[in-house]
Every structure is written in C-alpha cells, then in structure tokens.
Amino acid sequence: MKVYFDNNASTRVDSAVIEAMMPYFTEIISPPSSDYGHSFGVEAKEALDSARETIAAKINVKPSEIIFTSGQAESNNFAVKGIAFANIGKERKTFLASNVSHSTVLDSLSALKKLGFIVKLIKVDSKGFIDRNHLRELLSDSNDTPLLVSVPHGNVEIGTVEDIKEIAYICHEYNVPLHVEATYSFCKVPFDASVVDLATITSHLIHGPKGVGALYIKKGLKIQKLIDGGLQENKKRGGTENLPSIVGFAKAVEIYSQEINERVAELRDYLWQTFEKKISDFQITGPTKTEKRLPNHFSVVISYVEGESILLHLDLLDFMIATGSACSSKQLKASHVLSAIGLPTEVSHGSVRIGLSKYNTKEEIDQFIEHLSSIIARLRAISPMNAEFMREWQDLKDQGAIIEEEHHHDINDAEDD
Amino acid sequence: MKKNIIMTLMMRKMIKMAHIYSEEVMKLFMNPKNMGEIENPSGLGKVGNPVCGDVMWIYIKVNDETDVIEDIKVKTFGCVAAIATSSKTTEKAKGKTLKEAYKITKKQVADDLGGLPKQKMHCSNLAVDALQRAIINYLEKNGRSIKDLEG
Ligand code: FES
C-alpha cells in the first residue's frame, strides 16, 4: 500500500469526477459552440457554461470573468505577461511580487525583466506573511507606480494563508491591481475573488484532472491575451476548450465540501500532535496557528538531518512526502521560500512538508510517524550535527568565520528552475 | 523470515530507483559502513560543503609504526550521495597506508559507486577532502608533513 502525503503537489482524481468527464470523451464530442448549429455543439456549450458558473460562484465572481486555461503555470503566465503586454510602451513598468511567490510567477517575471520591465520583491516575515510596510513603501513610490502586485493566497511550502482582503485594500489605495495565486488555497480556504483583479486557480489539487485551471479576470481590467487564434473564452484565450477536463474541474469543485476541509484539518491536527509527541528537535515552518494555515498542510524543519535522505528512506517504505532541502534541488539551492523566511541552508536541509487529502487516514499517520522517527534516529546517529555543534556553528557565524551565501530566489536565473 | 521478504521488496524498489542513484549507492545509503566516531582519534578531518551546506567528519586511527589506517569512522550530514560516498571512501581507506589513502580520488569513489548523478558529484569531493584533512591532521600532530607521503 502506497501512502501519498504529497497532496499539495497533486491529488488523486475522485471517481465521481472521472464519471462526469466520460461522456465528453465519447459522446458529446463537438467543440462547445452554439454557432455550429448542431445539437452536440449546443450540449457542449451548455456543459461549458454550467462549469463556468459553478467555478465562478465558488469564488464569488461573474461567470464571464472566468477564463479556462491549462492550469496554474498558464494562468500565472497569463496574469503577469498579459498585464505587461497590455502596457508595452507605457510609462509604468514595474511589477511587485511576494518574495515567496510561486516559481511560475517569479519565472514569468524574470522573462519580463529581459523585455525591460522592472521587478521588485516584497519582503515577508518569518511566517511568510507579506510585510505590509514594505508593500506600502514599494507602492508609494510616485515616480514608479507598479502595474501589478502578485501575492500567493496559500503558500505551498509553508502553508501560510494570507489575508487577501487586507492586501487588496492596500493595493487599491494606490490604484494598483492585485493578482492572487490561489492554486493551493482554492476550495480549502474561503476566497472572495471579487475584491481582487486577477486570480489563479487549478483543478488537480482538489481531486480534479491535471492540465486544467482558470484565471479570473476582473471585468474591465486591461489584459492582453497570450494565445491568439480564436474567439473562445470571452475572446481571451484561443483554442478549443478542453471540455472533458473543464467538466471534471467543475465536478471537483462541486463535491469539495467544507466537511472535507474539516475532516482533513482534523487529520492534519492529529499528525501535528503525534509529530510533536514523538519527534524532538524541530521547528514548524510557517504559521503555528492552524487558522492561518492551509487546512491540509503541515511543514517542519527537522534538526541535524537532511531532507533528501528522509524522503528516500520514506519512499523505500512507500510513503511519499516533499522537501525543500538544497540537496534535493537541481541547482542545490535551498527553496526560495525557506530562505525568504530567514532559514539558513543547514537548517532548511531538514525540511519536510506534508499535504493531506480526504483519502488519508489516521492509521497512515500513525505508521508514518513511527517510520519517520526511526529514520530520524538513524540519520541523527550518523550526523555530526547536534545542539552543541549548532551552538559552535552559530558562534563561528557570529564571528564572521562562516559566510552565508545569499539564497534568495535569483530572479535572473529563475528560468533554469 | 519477514525481514527477508521486506529486504527483497526493498531491493526491488531500490533497483527501480536506480535511474537516480546506482544500486551500490542505494545499498550503502540503506546500510552505511563505518558510521560513528573514534574516541581519541589519531586524526580528524572536518569539512563543510560550500555548495549545499553539508558537513562531514572523518576520524582515523593510525598505527604509528606502519602508517596503516587501522580504523576509520565517519559522520555525515547530507544527502543520499553524501552518505554513500562517505561510506565508500572509508571502506577504501581502511587498512591502507596513509600514503595509499591520500591518493584515493573522488573519481575512484564515484566509479566504485557505479557513478553519481552529475549534480551530486561534489558530494564525493566532500568525503575525499575529509579523509585528506584527517590524514594531514594526523601528520601535523606528529610533527610530520604531507611531503612525507610524496615520492
Ligand atoms: S550533500 Fe547536499 S547534495 Fe549531496
């Protein structure tokens, strides 16, 4: 039995979702359009409209403001580049993004930098929340009013749930539109997108199919479409709509109830408590108050051990989790999020994060903690690091004998990610 | 018996993962050799990895008469490759003279492991560096120099 605890990477598709999708592969096969005139096209169009309504209602916006895309990466590229391209040749050139934004946002911005746009990163505090003062400071530069601010709603690595209303209020004080990357919080945390200007949501983290998502675009916002070649999606995205997946996406939204969130949050709290009981020397990353975290999210850095080693040991036992350790990244850089919240590399090495879903059980959690604590014991037994080591290490650092490399997300080589 | 079955299952899985790490790396990762420390070692080499922030300490016990490394232990804070390379390096050095052990190269270690993924090659430097530092530490403590090992 494989135990999947990486539900903030992707999730298992609900069988009800698959069932809802099936007719759109084999029966209702026309592109959704009323123009064709035959009944298949009309039926397809009805299905598309109804999916759009379901999703719009979930985030309190109008159906016409929902543009279906191929998912998170496209939505984020669209939001950021679409605003940039609509403003080419104009005076405003600056984008603000959170230091802990998703790489699809940061990488889109680094592509824009090459075209002459300016990118400034907003600092976050040690729990991953936007530094309000820094945001205001960046917004209030009257010679350089930003084109757009982009922040995450729920952070995939440390679970932080940002107060979007408050951020929107600040941005709008300066008449700057706000894009919210809501991929990880969608359906899990209440979200009223009508107070923001752009929002990214996706299907595959809520037991829907991969390869489909949406961008909410507030009516009246000037944005340039990225995919030309058709009048689909309110003339904002060319190409035949991925109807089976869109129908699946809507079905997933429809069945993702508050009850599921409560059940998963209860499991997460159980995991948290068991972890605290059985494992010593660790530090929670992100907010410690559960109401400020994604309900399915648990993340820690475990002292004196390294994440890739933990991950592989667990994988051999059929448990799947995630880590932000430098050793497990291609460029051997610690996760930009863990660096942004101020963790030195040797600490973020022990990063472990868990995303639970409705398919997980308490038994799995019990087994997991048991395995994890014996793995940690094994790795600590062979690790030169311990409390004393860390004190000496800190002393050396304080004396300037160890020079910390700056590990913030380098916007210039972000595209190699 | 049950343990055997589990081991076979694990071996099968390890082979599946061989596209990332070689079988030998996975074997040593699961069962690293020479882990631990030596009390009052003849030589100690401590290195930190500037690339990703890992740490490795190698302890050696040397026969003052014959220069043979009679015992060697290592402590590693790092990834799968770091654990496997520290295990392999110590295995190779054990029973060798200082002169022979000083000549062990990272390439030999990596080759003996059936290769390492490209971005993990630096982890093998760490183990060889730590071994060399332990040897130098021993020589210095005994009023000798690295030149003694040359020629
Ligand atoms: S020890 Fe960090 S990559 Fe191997």
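Okay, one term before I start: buried area is the accessible area, taken with a 1.4 Å probe, that two parts lose on being put together, summed over both. And keep in mind that what you're looking at is a predicted model.

So, chain A against chain B. With that definition, the two chains bury about 2400 Å² between them, and carbon and sulfur atoms give 67% of that. Who does the burying on the A side? Leu316(A), Leu332(A) and Ile382(A) supply 28% of the area that chain A buries against chain B, more than any other three residues. In terms of residues in contact, chain A puts in 29 and chain B puts in 28.

Now the polar side of that interface. The rule finds 1 salt bridge across chain A and chain B. If you want to find it on the screen, go to Glu308(A) and Lys120(B), where the closest N and O atoms are 3.0 Å apart. On top of that count, there are 8 residue pairs in polar contact across the two chains, with both residues at pLDDT 80 or more.

Which helices of chain A carry this surface? α11 (307–316), α13 (345–348), α14 (362–381) and α15 (387–398) each supply at least two residues of the side that touches chain B. The one that gives the most is α11(A), with 6 residues. Sort that whole side of chain A by class and you get 15 nonpolar, 5 polar and 9 charged residues.

Right, let's go inside chain A. The domain assignment gives domain 1 as 15–255 and domain 2 as 258–398. Between these two domains of chain A, the contact takes 25 residues from domain 1 and 23 residues from domain 2. Their C-alpha centres lie 30 Å apart.

How much area is buried between domain 1 and domain 2 of chain A? About 1900 Å², with carbon and sulfur atoms giving 60%. Three residues to click on here are Glu157(A), Ile158(A) and His207(A): they supply 34% of the area domain 1 of chain A buries against domain 2, more than any other three residues.

Glu157(A) comes back straight away, actually. Its side chain meets that of Arg353(A) in a salt bridge, at 3.8 Å, N to O. For the interface of the two domains of chain A, the rule finds 1 salt bridge, along with 8 residue pairs in polar contact, again both at pLDDT 80 or more. The side of domain 1 of chain A that touches domain 2 divides into 11 nonpolar, 10 polar and 4 charged residues.

Last bit: a couple of pairs that tie up distant parts of the chain. Over all chains, the structure holds 22 salt bridges. One of them joins the side chains of Lys2(A) and Asp318(A), at 3.7 Å, N to O. Those two are 316 residues apart: Lys2(A) sits in the segment before β1 (3–4) of chain A, and Asp318(A) is in the loop between α11 and β11 (319–320).

And the aromatics. The count comes to 9 aromatic pairs over all chains. Take Phe95(A) and Phe117(A), which are edge-to-face, 5.8 Å centre to centre with 75° between the planes. Here the separation is 22 residues, with Phe95(A) in strand β3 (residues 94–98) of chain A and Phe117(A) in the loop between α5 (103–114) and β4 (118–122).

That's me done, thanks.

Key: Residues numbered from 1 in each chain as written. Chains lettered and ligands numbered in written order. Predicted model: local features only at pLDDT ≥ 70, side-chain atom pairs only at ≥ 80, totals over all residues. Heavy atoms only, no water. Domains from an automatic or database assignment. Contact = heavy atoms within 4.5 Å. Salt bridge = Lys/Arg side-chain N within 4 Å of Asp/Glu carboxyl O. Polar contact = N/O pair within 3.5 Å; in protein donor to acceptor, adjacent residues only side chain to side chain. Nonpolar A, V, L, I, M, F, W, Y, C, P; charged D, E, K, R; others polar. Helix = DSSP H or I, 4+ residues; strand = E, 2+ residues; numbered from the N terminus. Phe/Tyr/Trp six-rings, centres within 6.5 Å; stacked < 30°, edge-to-face > 60°.
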